[in-house]
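Trainee: Could you take a close look at one part of this structure with me? I'd like to go slowly and see what sits where.

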Amino acid sequence: MFKVLVSDPISEDGIRALLDSDQVQVDQKTDLSPEALKETIPEYDGLIVRSQTKVTKEILECATKLKVIGRAGVGVDTIDLEAATEHGVIVVNAPNGNTISTCEHTFAMLMASARNIPQAHKTLTEGNWDRKTYKGVELKGKTLGIVGMGRIGTEVSKRAKAFQMNVIGYDPFLTEERASQIGIQKGDLDKIYENADFITVHTPLIKETHHLINKSAFQKMKKGVRIVNCARGGIIDETALLEAIDEGIVARAALDVFEEEPPTDNPLVGKPEVIVTPHLGASTSEAQLYVAEDVSQEILNILSDQPFQNAVNMPAVNDETRKILEPYYLLSEKLGEMMIQLAKQPPRHIKISYAGTLTDFNTELVTRTFVKGLLSHYLGEKVNIVNATHLAKQYGLSYSVENTTASLGYSGLISVTLTTDEGEYSAAGTLFDGLGPRIVHVNQYTIDIAPTDRLLYIQHTDVPGIIGHVGSLLGKHEINIATMQVGRKQVGGQAIMMLTIDKALSEEVLGELLQVDHIHSAKNIDL
Ligand SMILES: NC(=O)c1ccc[n+]([C@@H]2O[C@H](COP(=O)([O-])OP(=O)(O)OC[C@H]3O[C@@H](n4cnc5c(N)ncnc54)[C@H](O)[C@@H]3O)[C@@H](O)[C@H]2O)c1
Ligand SMILES: O=C(O)[C@H](O)COP(=O)(O)O
């Protein structure tokens, strides 16, 4: 039975699939302090959060069983992604469920700031009938600058068009073609600052967007601009915003999010030109239902080893690709396990080449499973496909990946070279239709062997009688040979023998093998 902790308020209907699952026990504890969360987290396989719970490095260090964090929403800036990756925890979010709600909230804020609705409401409820102070502006014919044309920014642009606004969008991924499809102008930040009567930001909060809207940006804006932030506190520099309001550059600001939440002693809150809501963008019944449903399904999938879509620290692979690549995951993991056992020195660099049909796909997960196989032989269960390449770097092991045309006649081929201080080790594997994975090269020798649980790898000189010696010695010790393959580069030269066997050779039997003339090394390989 898996245990999932829900640590922020979330739609009960949305998590129905988890509550009804007989594989999962769900605990809802939405008032845990960071200390209490640290104490309780070791029990849990899954954690569901919104933006209140800060999933810090310290919490992840205590989360010894945790496999997945589900963010019921978009922003994962409240989760230490690097620490989650390091600890092998998959982080999934629900990127689509709250798009419309947040877009509608943005539009509500835009309109409220155009018509001074909160300020006018307040005055009237205080007993004053003031029609002069709260004269507003129309949206029609005005220019809206949208910084960040992703899901929410795009939805906002559609609504702005319906209000007959001119829209200038800026996003590093916005092409002319897409801009014209949506019916907006593609611009840059300066064009927005110069022309916009309203500006709304819809980027994530990342290093590049921290204080993106700063003092120098405000200096370039039109006097009387109205600015909306329903994305993340910190995209707009709050100190610079305050100054820009005092200087008369910004006429109104509408903020749903703050650099510190909840905002304590924030001079923007309570300022007459500023309207505020307490991070309500995604707070609708619909959005909360959708994000909770999406994230619950992802968690169920992950806990039951099924495909999932919205991991933020794993590459996305669609179902069709996954079906094609899945057999290669097993092959690459076995290749990794085999190669670390063949290498006599710690590897410094891994070079992985993909050829044939594999070059048509995103093979990052195949690479990760190779690295996982390689590391897990010594690091055990702490390695998984989330943290494998991260851990490799920590151990000073670099890797490079390339696609090549050298498929050697196989439909899909994975070739790997490990560089160590004393030399290189190489191997290649493929899938044979109906026969499954096969290792087809080891250290430049051509062979054909299934990567089963137990292999014996022998290096010898190619002379008559070796196979008979090995066969009778293993027979004498009641070690059954399932298959045997030999590979040589030239007659009478160096050769290898690979056997699939039913039980590993003891040290004594390995010692006896090494007494056989022309056998230079013999090694059990445990896959
Ligand atoms: N207030 C709320 O309750 C609420 C709800 C949902 C989402 N959000 C926030 O809204 C933001 C947008 O969400 P989304 O679902 O549209 O995300 P998204 O990923 O679909 O879009 C973000 C866009 O920002 C763009 N971008 C990144 N850096 C940029 C830069 N320097 N300049 C311009 N564009 C840049 C990206 O290319 C991307 O297209 C996120 O910060 C999210 O956390 C807030
Ligand atoms: O990034 C998001 O999805 C929003 O900021 C919503 O956050 P919330 O789930 O805490 O409302």
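How do the residues of the lining of the largest cavity divide into nonpolar, polar and charged?

Mentor: Sure, and keep in mind that this is a predicted model. The lining splits into four nonpolar residues, three polar ones and one charged one. Let's put names to them: Asn-229, Gly-233, Gly-234, Ile-236, Glu-238, Leu-241, Leu-255 and Val-257 line the largest cavity. Sorting those names is easy once you know that Gly counts as polar here. The nonpolar group is then Ile-236, Leu-241, Leu-255 and Val-257, while Glu-238 is the charged one. As for space, the largest cavity holds about 40 Å³. A search through the whole structure turns up one cavity of 30 Å³ or more.

Now glance along the sequence from that lining, and you'll run into ligand 1. Leu-255 and Val-257 belong to the cavity lining, and Asp-256 is among the residues that come nearest to ligand 1. The others named as nearest are Arg-151, Ile-152, Asp-171 and Thr-203, out of 26 residues around the ligand. Asp-256 also has a side-chain N or O atom 2.9 Å from a nitrogen atom of ligand 1. On the oxygen side, a side-chain N or O atom of Arg-232 lies 3.4 Å from an oxygen atom of the ligand, and His-279 has a side-chain N or O atom 3.4 Å from a ligand oxygen too. On its own, ligand 1 has 850 Å² of accessible area, and the protein covers 87% of that. Sort the shell around ligand 1 by class and you get 12 nonpolar, 10 polar and four charged residues.

Notes. Residues are numbered from 1 along each chain as its sequence is written. Chains are lettered from A and ligands numbered from 1 in the order in which they are written. This is a predicted model: local features need pLDDT of at least 70, side-chain atom pairs count only at pLDDT 80 or more; totals for chains, interfaces and linings use all residues. Side-chain values use heavy atoms; hydrogens and water are left out. On a 1 Å grid over the protein atoms alone, a cavity is a set of points where a 1.4 Å probe fits but cannot get out, and a pocket is an open set with protein on both sides within 12 Å along at least five of seven lines; lining residues have an atom within 4 Å of a point. Grid points are joined across faces, edges and corners, and a volume is the space filled by probe spheres set on the points. A residue is near a molecule or strand if one of its heavy atoms lies within 4 Å of it. A polar contact is a pair of N or O atoms within 3.5 Å; within protein, one must be able to donate a hydrogen and the other to accept it, and residues adjacent in sequence count only if both atoms are side-chain atoms. Accessible areas come from the Shrake-Rupley method with a 1.4 Å probe; for residues, only the protein chains shown count as cover.
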